[in-house]
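I opened the notebook to go through one model, feature by feature. The entries follow the order in which I looked things up.

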Amino acid sequence: MKRNFNIFQDWSTNKGYFKGQLVLLLFRSATLVKSNIILTVLFCWYLLFYRFFVEWVLGVELSWNLTAGKGLQLFHGQALIVNGNTIMGDNCILRHSTTIGNKGEIEFSRLDSPIIGNNVNIGANVCILGHITIGDNVKIGAGSIITKDIPSNCIVVGNPARIIKNN
């Protein structure tokens, strides 16, 4: 997925939720800074600010290495953790207390992190772990634990997650 460096690309999808707008504006800015070694050196202070403010103060862990498509939307961004090697498509929705990460089998590798398609709606308190693929247009119910691939166009709930409806 090609990175888009428009730092306001998520602004309209988070309309009415200033914290979401702020977190994603800061995230996109950090991604832009990390895209170039010269910018990284000049704005290393910003990366330190980002880590402190967004991760420690606001409680949202979105690594600047994360590849996320346009239109990313946050609801109640608190206790949200997304591994930096995760790849997310366009128009995804993330809710609070969600963890998207690796299993630690292949450290620091995209080979151990989830790939999430376009238009995926992720409920609160969801865990998505390991090298799995979630297809496009998927809805994941609150409290679900996903450790296996999910095909496109379905609704998934439970622990372990199971498909309850194919569209």
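**Phe-43 and the nonpolar patch**

I began with Phe-43, which counts as partly exposed at 32% relative accessibility. The model is predicted, and I read every value below with that in mind. I placed Phe-43 in the loop between α2 and α3, the latter spanning residues 44-57.

What does Phe-43 make together with Ile-37, Ile-38, Val-41, Leu-42 and Trp-45? I found a nonpolar surface patch of about 670 Å². I then asked which element gives the most to the nonpolar patch. Helix α2, residues 37-42, does, with 4 residues.

I met Phe-43 again when I looked at the aromatic residues: with Trp-45, Tyr-46, Phe-49 and Phe-53 it forms one aromatic cluster. Phe-43 and Trp-45 are thus named in the patch and also in the cluster.

**Aromatic pairs**

I looked up the number of aromatic pairs in the structure and noted 7. One of them is Phe-8 with Trp-11, an edge-to-face pair with 5.8 Å centre to centre and 75 degrees between the planes. I checked the exposure of both residues. Phe-8 is partly exposed at 47% relative accessibility, and Trp-11 is partly exposed with a relative accessible area of 34%.

I turned next to Tyr-50 and Trp-64. Their ring centres are 6.0 Å apart and their planes stand at 50 degrees, so I entered the pair as tilted. Tyr-50 lies in helix α3, while Trp-64 lies in the loop between β1 (60-62) and β2 (67-68), so the pair ties together parts that are 14 residues apart in sequence. Are Tyr-50 and Trp-64 buried or exposed? I have both down as buried.

**Arg-51**

Staying with Trp-64, I asked what lies over its face. The answer is Arg-51, at 4.3 Å from the ring centre. I also found Arg-51 in a salt bridge with Glu-55, where the closest N and O atoms are 2.8 Å apart. Both Arg-51 and Glu-55 lie in helix α3, 4 residues apart, which is about one turn of the helix. Their exposure I noted separately: Arg-51 is partly exposed at 35% relative accessibility, whereas Glu-55 is buried at 14%.

**Salt bridges**

How many salt bridges does a search of the whole structure find? I noted 2. Besides the bridge of Arg-51 with Glu-55, I recorded Arg-28 with Asp-10, the closest N and O atoms being 2.6 Å apart. Arg-28 lies in helix α1 (residues 18-34) and Asp-10 in the segment before α1, so this pair ties together parts that are 18 residues apart in sequence. I checked both partners for burial. Arg-28 is buried at 6% relative accessibility, and Asp-10 is buried at 2%.

**Cysteines**

I looked for disulfides and found 0. Why does Cys-127 form no bond with the closest cysteine? The nearest cysteine sulfur, in Cys-92, is 17 Å from the sulfur of Cys-127, so the distance is too far for a bond. A disulfide would need the sulfur atoms within 2.5 Å. I also noted that Cys-127 is partly exposed at 24% relative accessibility. For Cys-44 I have a relative accessible area of 42%, again partly exposed.

**Backbone**

My last look was at the backbone. Most residues other than glycine have a negative phi, and most peptide bonds are trans. I kept that in view while going through the following entries.

Ala-79 has a positive phi, near 55 degrees. I located Ala-79 in the loop between β3 (73-75) and β4 (80-82), and its relative accessible area of 41% makes it partly exposed.

Asn-137 also has a positive phi, near 55 degrees. I found Asn-137 in the loop between β11 (133-134) and β12 (139-140), where it counts as partly exposed at 36% relative accessibility.

Which residues does a cis peptide bond join? I noted Asn-159 and Pro-160, with omega about 0 degrees. I placed Pro-160 in the loop between β14 (154-157) and β15 (162-166).

Conventions:
Residues are numbered from 1 along each chain as its sequence is written. This is a predicted model: local features need pLDDT of at least 70, side-chain atom pairs count only at pLDDT 80 or more; totals for chains, interfaces and linings use all residues. Side-chain values use heavy atoms; hydrogens and water are left out. Helices (H or I, at least four residues) and strands (E, at least two) are DSSP runs, numbered from the N terminus. Buried means under 20% relative accessible area, exposed over 50%, partly exposed in between (1.4 Å probe, protein chains only). Patches are made of residues with over 30% relative accessible area and no salt bridge: like charges are joined within 9 Å, nonpolar side chains (Val, Leu, Ile, Met, Phe, Trp, Tyr) within 5 Å. Accessible areas come from the Shrake-Rupley method with a 1.4 Å probe; for residues, only the protein chains shown count as cover. A salt bridge is a side-chain nitrogen of Lys or Arg within 4 Å of a carboxyl oxygen of Asp or Glu. Rings of Phe, Tyr and Trp (its six-membered ring) pair if their centres lie within 6.5 Å; planes under 30 degrees apart count as stacked, over 60 as edge-to-face and the rest as tilted. A charge sits over a ring if NZ of Lys or CZ of Arg is within 6 Å of the ring centre and within 35 degrees of the ring normal.
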